[in-house]
Amino acid sequence: MRIFPDLTSCLVLLLLLDLIGLSSSRPAHTPSLCSLIGSMVPHFDRLINLSKKLQELSDEDLSLIAAAEHRLDSLLEIPHTAAAFTQPLKVNEPISQLYNLSESYKLHMDWLKTARENMSLSSQPAEGASHHLLKLTHLLNSSLHQLQEEVPQAAPPSLPPVSTAFDALRFSVEVSEKLRVFVLFAKRWIRVLQKLSCPRR
Ligand SMILES: *[C@@H]1O[C@H](CO)[C@@H](O)[C@H](O)[C@H]1NC(C)=O
Ligand SMILES: *[C@@H]1O[C@H](CO)[C@@H](O)[C@H](O)[C@H]1NC(C)=O
Ligand SMILES: *[C@@H]1O[C@H](CO)[C@@H](O)[C@H](O)[C@H]1NC(C)=O
Ligand SMILES: *[C@@H]1O[C@H](CO)[C@@H](O)[C@H](O)[C@H]1NC(C)=O
């Protein structure tokens, strides 16, 4: 089920990403950057499963929630203009973008965890996702340090209090749907970054 139609364009763009990297210039290989990037993969894999757990609802509930259109404007958008991927590709740009996105999802996940706790809904999937997002921000932070790039500092989002269980559920659905797209996006980038920073096999 496709809940947020604007995500389709992101998914189309993901296919484009597979083509990049093949033609981009290759910087000198940096083995430790290569291993840092490789160690992000299991965290993204766990996030896919946790995003599914976050929206464990009957199809009926899910369509009810999808119909109650809601947008969490503070959640960083996955870029979906081709201009975001102009050549020549610099390794630091996607890494700082992934850092920004991981940080944004981490903060929203912590908020969602509290919102769910407040409504006596299970908070474990949100807590697990928050843990893996935190690990990812650390790995991305280390990657930026390795590249001697500045670590972006964003102002924390202001998030609304959640006063009903229904709101907690629909925010769960929204965040987890977007999280899945973020993970797909990130994993494509990881593959491109591995091509750029890992020794040729
Ligand atoms: C994700 O869930 C599937 C099926 O539930 C399982 O087979 C797989 O091992 C899980 N992956 C991770 C990384 O937890
Ligand atoms: C990351 O976030 C910072 C702070 O909001 C911003 O200045 C920067 O342009 C962002 N970087 C990317 C690649 O989006
Ligand atoms: C980022 O990494 C540097 C050095 O590895 C460390 O000093 C700093 O505390 C880290 N920052 C965050 C937010 O993790
Ligand atoms: C959870 O409850 C506390 C205490 O009532 C409240 O201050 C907080 O804003 C609530 N959090 C969310 C996300 O609704």
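Q: What makes the span of helix α3 in this predicted model close to the expected one?
A: Helix α3 covers residues 41–54, and its 14 residues reach 20 Å from the first C-alpha to the last. At 1.5 Å a residue, the expected value is likewise 20 Å, since the expected span is 1.5 Å times one less than the number of residues.

Q: Which residues of α3 are buried, and against which helices do they pack?
A: The buried residues are His43, Phe44, Leu47, Ile48, Leu50, Ser51 and Leu54. Their packing partners are α5 (92–118), α6 (124–146) and α7 (165–197).

Q: Why is Gln55 called buried?
A: Gln55 has a relative accessible area of 10%, and buried means under 20%; Gln55 is therefore buried. Gln55 is placed in the loop between α3 and α4 (59–67).

Q: What makes the pairing of the Gln55 and Ser176 side chains a polar contact?
A: The contact between the side chains of Gln55 and Ser176 is 2.7 Å, and the cut-off for a pair of N or O atoms is 3.5 Å. The pair therefore counts as a polar contact.

Q: Which residues surround ligand 2, and how do they divide by character?
A: The shell consists of Glu93, Ser96, Gln97, Asn100, Pro152, Gln153 and Ala154. Two are nonpolar, four polar and one charged.

Q: How far from an oxygen atom of ligand 2 does a polar side-chain atom of Asn100 lie, and how much of the ligand does the protein bury?
A: The Asn100 atom lies 2.4 Å from the ligand oxygen. Ligand 2 exposes 360 Å² when taken alone, and the protein buries 47% of that.

Technical notes
Residues numbered from 1 in each chain as written. Chains lettered and ligands numbered in written order. Predicted model: local features only at pLDDT ≥ 70, side-chain atom pairs only at ≥ 80, totals over all residues. Heavy atoms only, no water. Near = heavy atom within 4 Å. Polar contact = N/O pair within 3.5 Å; in protein donor to acceptor, adjacent residues only side chain to side chain. Areas by Shrake-Rupley, 256 points an atom, 1.4 Å probe, with all protein chains shown as cover. Nonpolar A, V, L, I, M, F, W, Y, C, P; charged D, E, K, R; others polar. Helix = DSSP H or I, 4+ residues; strand = E, 2+ residues; numbered from the N terminus. Buried < 20%, exposed > 50% of the residue type's maximum accessible area, 1.4 Å probe, protein only. Contact = heavy atoms within 4.5 Å.
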